[in-house]
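Hi there,

Here is the structure I promised to pass on. Have a look at it first, and then read on for what turned up.

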Amino acid sequence: MRKLIKIGAFILACSVFANCSNTRYLKPGQNLYKGAEVKINPDSSSKIDNAKQVKSELEGKTRPRPNKSFLGLKPALFIYNLAGEPKKPKGIRNWLRNKVGEPPVLMSEVKLKYNNDVLKSYLISQGYLQAEVTADTVIKRRRGKAIYTANTGIRYKINQITFPPDTGDLTHVINQNKDKTLLKSGDFYDLDTYKNERIRIDNDLKESGYFYFSPEHLILQVDSTIGKNLVNVNVRIKNTTPDASLKPYTIKNINIYPSYSLRRDSLLRKLEPIKYNDFNIYDDRNTYRSRVFDRLVFFKKGERYNRKDHNQSLNRMVNLGAFRDVRAEFLPIDSFKNNQLDLNIYLTPLKKNSLTFSVLGTNKSNNFIGSELKITQTTRNIFRGAEQLDVSASGGFETQYSGQSKGINSYSLTGEAKLTLPRFIVPFYKPKSTNAFTPKTIVSLGYQLLSRDTVYKLNSFKAQYGYNWKENQFKEHNFNPASVNLVTSNRDTTSLGYKDLIKQNPGLQYTLENQFIIGSNYNFTFTNQMQDKRRHNLYFFGGLETSGNVWGLFTPKNAEGKRELFGTALTQFVRVETDLRNYYKVTPTVIWANRLNLGYGYAYGGSNSLPFVRQFFAGGTNDIRAFRARSLGPGTFKVADDVVFADQGGDIKMMLNSELRFKLVSILHGAAFVDAGNVWLRKEDPDRIGSEFKLKNALDELAVGTGVGLRVDATIFVIRLDGAFPIRKPFLPSGQRWVVNDIDFGSKTWRRDNLVLNIGIGYPF
């Protein structure tokens, strides 16, 4: 350990003063490779329009890559050299050198001719048909780089495009869709566009039944001899294309094996199939109801094969979550002599019952540490319709390990049952879904007990009926037309302890009221984060919830003017929330992430504010990290530091986060961030002066915090450590809220009052 600390300190010194030379570790005759530089048309007056982009692309295609750099330094190479040659196959030195470190990339590894050919080939593929590339090396002080000079010539453009004459069904399909061609007169010659054009034509043919056709059966002949730096493109079908690829196929038999395994293969094929619509179902165990396959298989007997039905059928069966293995097999009848295919679908179900157990550790910015244990029993295909029943039970605890409330404990017990049915169940109506994603009807029941030491206990009973469906891979909808939530609390309002608690925390009294929340909610999510190649990735969440709108028409008012149901107040409100996130890739290893989170709640019918379980909160591990969880606001109000449970909610929320994420070494990543925001009440609380939202004062009442963080990103999990401190405190008098000048890292008192440590699982957003 002492050696590791010593090495770490030396690395840090090197990073700060940048006076460590990696070349002193090289053997005689070796030179460190610094990278490649590409010069475009240096001796010519002709310039190309996208020179910077072409230069970047060319430099990225050279090999090898130099050692990784960060702020001009090479930390991985530092570690490799400092670790030295390990004496043992295991240990810290071996781990540092071979796992964290990176060996030097040498000039001797650079293959100039190979790189020349690669760069020239790329330029030609981009339309620079007369391009030439030469290379040389420059070595200085045992560091070298490769310099490539590219003389591009003029970039060629497309003059005209011709397609094969319409002489039959196949060529008719090609010509019928030629207006969708990606090749346009006047566009630059681009090999990637030509490849995509072949794929486009192949897709059109697949949709028309040409199952055995392939993009490789198309050839795009380019004539560059017409002059004026123009080319003619002639699309043709290769003469060597097999006959099977030149004719469309229809579906003859659709055979489904719902409980398939290799061990039972011969047995299943000997069974007498169950005839249902266009399907032959081979299942001696009667695993699924036959009508299930109406929603999974889009093909019809006698129709032409098409790729859309093929993909949608596979996606439906995979996304259903009922099968361990899904396979579709298309077999020609009579070995290609006719134009018919048999479709065999092999489905291997998941186990009917499974039990999962999970342990979750938590450490929050309000000095609470704890853990949660959860066990879930999953029963699949419970009604033979590919349904899934999840019954779970969990328990968790928190304890405050520092601060004035040290030793205060909380615990929660939760039970939930959720039934998922892979179809829409709507009274008096049978909706149809034709996309690749399986719609779901979800019914859930749940109960949670939350005990906050001797302060109070909350009981929450919840029942919900709703639908979940995906419009496509980017858009998802959740609609719950019926949602019932009953919240009750156990407390003695006449006790002296309770009165003292309410006096310390005025907002808590509303938290502990018994409430009925009966209404509907709808959520919409859009994300393209799965598209890794995009420079910009977006995430958007929008939610709308209403409560008491219909029931309020039939529920009588009590003496205080509030509507009650079975002696419990019926809350009436409308709640809207949006969450917009943008992830911009500055470089492949640097991401600038931003989030805008807005929320607004309007309570009416005797309710002055949203119920506690629907309020917005600010502060905490995934929020405004310079303030402890739920302690910020509302408005300019400040809860006392010695309050055990801050829990300061609001009807309105505004939050902005900006975080620069960058890779350091291996799985270790860093971050620098700024968070801003607050919550407010729609109406002023007399016991919390300054809590009301006023548009003209909103920006002046924002809290701002900043900090840095470390993340261990092992792909399957992320452990996060963030250190933050406030630079703007909204509860201070106007004009004194910026506290940048008060920052004093050397002061123990300042650190105690301002530094907040957040430990979390996953990224904050």
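Below are some notes on the cavities and on one of the sheets. Please keep in mind that this is a predicted model.

Let me start with the empty space inside. Searching the whole structure gives four cavities of 30 Å³ or more. The largest cavity holds about 80 Å³ of space. Eleven residues line the largest cavity, and E513, K562, A569, T571 and S607 are the closest to its centre. Its lining is made up of three nonpolar, five polar and three charged residues.

The second largest cavity encloses about 40 Å³. Its lining has seven nonpolar residues, two polar ones and no charged ones. You will find F299, H310, S313, L314, M317, A328, F330, L343 and I345 around this space. Which elements supply at least two residues each to that lining? They are α9 (307-319), β10 (323-332) and β11 (340-349), and the largest share, four residues, comes from α9.

Now for the sheet. Three strands form an open sheet in the order β4-β6-β5, with mixed pairing. Both β4 (157-162) and β5 (218-223) are at the edges with a single partner strand each, so one side of each has no neighbour in the sheet. From one strand to the next, the twist averages 25°. Strands β4 and β6 (residues 230-237) run parallel and are joined by five bridges; I161 is opposite V233 in β6. Lying across β4, β5 and β6 is helix α7 (residues 191-207), which runs at about 145° to β5.

Happy exploring, and best wishes!

Note on methods
Residues are numbered from 1 along each chain as its sequence is written. This is a predicted model: local features need pLDDT of at least 70, side-chain atom pairs count only at pLDDT 80 or more; totals for chains, interfaces and linings use all residues. Side-chain values use heavy atoms; hydrogens and water are left out. On a 1 Å grid over the protein atoms alone, a cavity is a set of points where a 1.4 Å probe fits but cannot get out, and a pocket is an open set with protein on both sides within 12 Å along at least five of seven lines; lining residues have an atom within 4 Å of a point. Grid points are joined across faces, edges and corners, and a volume is the space filled by probe spheres set on the points. Ala, Val, Leu, Ile, Met, Phe, Trp, Tyr, Cys and Pro count as nonpolar, Asp, Glu, Lys and Arg as charged, and the others, Gly among them, as polar. Two strands pair if DSSP finds at least two bridges between them. Axes are lines fitted to C-alpha atoms, for helices over the stretch in contact, and angles run from 0 to 180 degrees between N-to-C directions. Contact means heavy atoms within 4.5 Å.
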